[in-house]
Amino acid sequence: MLILGIAGGTGSGKTTVVTQILNELPEDEVTVISQDSYYKRNDDLTYQERCHINFDHPNAIDFELLIDHIRHLKSGQSIEQPVYSFVTHNRVQDTVITHPKRVVIIEGILIFTDKQLRDLIDIKVFVHADSDERLIRRMKRDIQERGRDINEVLERYQTTLKPMHQEFIEPTKNYADLIIPNDTYNTVAIDIVRTVINERLYK
Ligand SMILES: Nc1ncnc2c1ncn2[C@@H]1O[C@H](COP(=O)(O)OP(=O)(O)O)[C@@H](O)[C@H]1O
Ligand SMILES: O=c1ccn([C@@H]2O[C@H](COP(=O)(O)O)[C@@H](O)[C@H]2O)c(=O)[nH]1
């Protein structure tokens, strides 16, 4: 099994890069684990309290469960991947049965902050986009898809996203084997990732 980690700031294009990689590989050989599925359960908090959680801090992530699941997949066992709701800011009851595949892609802003998780990842990719580009993309997404208003997005960006990015996410670029500049679509980088995966899998 080959484990690929795709990190990078919010709006950098991680999900887009994952989709591009998926398009290059046989469907039955790849599975994706999203860090977002592993936000901690917050059943004991009210909705208002959950709105104030710092989702860009490593403490928000249930790394213990995520690492446990990656180890299970590595040893050939299926897992029940949690499902997270950005509307309620909490996990839902459903889970998705995820089977081990030859390639496992883990994607998320904070995945390189945890050493145990880093050590399980064979190829670490960091997707880079300038902060203004990421802010614009994040504003569009949160307003169009997550029901937020412009003031809410800007306030959150200034008070939480930007400082957390600088403190926790940007420094993990140093762990990357490959940095993908993604201010514009980068097909060359995707070709390189595909070549590396094929090389490792079929050598
Ligand atoms: N290279 C790019 N150029 C322009 N828009 C992009 C690019 N990559 C991603 N996007 C757009 O930016 C938004 C955020 O991308 P996404 O892949 O969801 O980022 P992330 O998963 O890192 O938060 C999406 O609307 C996506 O279509
Ligand atoms: O309930 C939540 C949980 C997280 N977020 C934000 O999501 C991004 C991470 O997702 P990307 O796809 O990488 O952008 C993170 O910046 C959190 O602030 C949220 O809005 N609500």
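How many nonpolar, polar and charged residues does the shell around ligand 1 have? In this predicted model, the shell consists of one nonpolar, nine polar and three charged residues. The residues around ligand 1 number 13, and those that come nearest are Gly 13, Lys 14, Thr 15, Thr 16 and Arg 137. Two elements give two or more residues to this shell, namely helix H1 (14–24) and helix H5 (131–145). The largest share, three residues, comes from H1.

The surroundings of ligand 2 have another make-up: five nonpolar, three polar and three charged residues. The residues in question are Thr 10, Gly 11, Lys 14, Asp 36, Tyr 39, Phe 55, Asp 56, Phe 86, His 89, Ile 109 and Leu 161. Lys 14 thus belongs to the shell of ligand 2 and is also among the residues that come nearest to ligand 1. His 89, another member of the shell around ligand 2, sits in the loop between strand E3 (79–85) and strand E4 (90–98). Its phi is positive, near 55°, although the residue is not glycine. Most residues other than glycine have a negative phi. His 89 counts as partly exposed because it has 17 C-beta neighbours inside 10 Å, where 20 or more would make a residue buried and 12 or fewer would make it exposed.

Helix H1, which contributes to the shell of ligand 1, has the buried residues Lys 14, Val 17, Val 18 and Ile 21. Viewed down the helix axis, the buried residues of H1 fall within an arc of 100°, so they line one face. An α-helix has 3.6 residues a turn, so residues three or four places apart point the same way. The buried residues of H1 pack against E1, E2, E5, E6, strand E7 (178–181) and H7. On the face turned away from the buried side, H1 carries the exposed residues Thr 19 and Asn 23. Thr 16, also found in H1, is partly exposed, since 15 other C-beta atoms lie within 10 Å. Along the chain, Thr 16 and Asn 182 are 166 residues apart, while their C-alpha atoms are separated by 9.8 Å.

Helix H5 also gives residues to the shell of ligand 1. Its 15 residues should span 21 Å at 1.5 Å a residue, and this agrees with the 20 Å between its end C-alpha atoms; the expected span is 1.5 Å times one less than the number of residues. Arg 134, Leu 135, Arg 138 and Asp 142 are buried in H5. These buried residues line one face of the helix, because they fall within an arc of 100° when seen down its axis. They pack against helix H6 (150–169). The exposed residues Asp 132, Lys 140 and Gln 144 are carried on the face of H5 turned away from its buried side. H5 is followed by Gly 147, which has a positive phi near 65°.

Helix H6, against which the buried residues of H5 pack, contains Thr 159. Thr 159 is exposed, because only 11 other C-beta atoms lie within 10 Å and the limit for an exposed residue is 12 or fewer. Thr 159 and Ala 176 are 17 residues apart in sequence, and the distance between their C-alpha atoms is 27 Å.

The largest nonpolar core has 36 residues, of which Ile 6, Ile 105, Ile 106 and Val 125 touch the most other members. Two or more residues of this core come from each of strand E1 (2–7), H1, strand E2 (30–34), helix H3 (63–74), strand E5 (103–107), strand E6 (123–128), H6 and helix H7 (187–202). In soluble globular proteins, nonpolar side chains tend to be buried together. Beyond residues up to four places away in sequence, Val 125 touches Leu 4, Gly 5, Ile 6, Ala 176, Asp 177, Leu 178, Ile 180 and Val 193.

Gln 35 lies in the loop between E2 and helix H2 (47–51). Is Gln 35 buried or exposed? Gln 35 counts as buried, because it has 23 C-beta neighbours inside 10 Å. Apart from neighbours within four places in sequence, the contacts of Gln 35 are Ile 61, Leu 66, Ile 106, Glu 107, Gly 108, Ile 109, Leu 110 and Ile 111. Gln 35 and Ile 111 are 76 residues apart in sequence, whereas the C-alpha to C-alpha distance between them is 7.0 Å.

Definitions and conventions
Residues numbered from 1 in each chain as written. Chains lettered and ligands numbered in written order. Predicted model: local features only at pLDDT ≥ 70, side-chain atom pairs only at ≥ 80, totals over all residues. Near = placed C-beta within 6 Å. Nonpolar A, V, L, I, M, F, W, Y, C, P; charged D, E, K, R; others polar. Helix = DSSP H or I, 4+ residues; strand = E, 2+ residues; numbered from the N terminus. Arc of directions from axis to C-beta. Contact = placed C-beta atoms within 7 Å. Core = buried A, V, L, I, M, F, W, Y, C linked by C-beta atoms within 7 Å.
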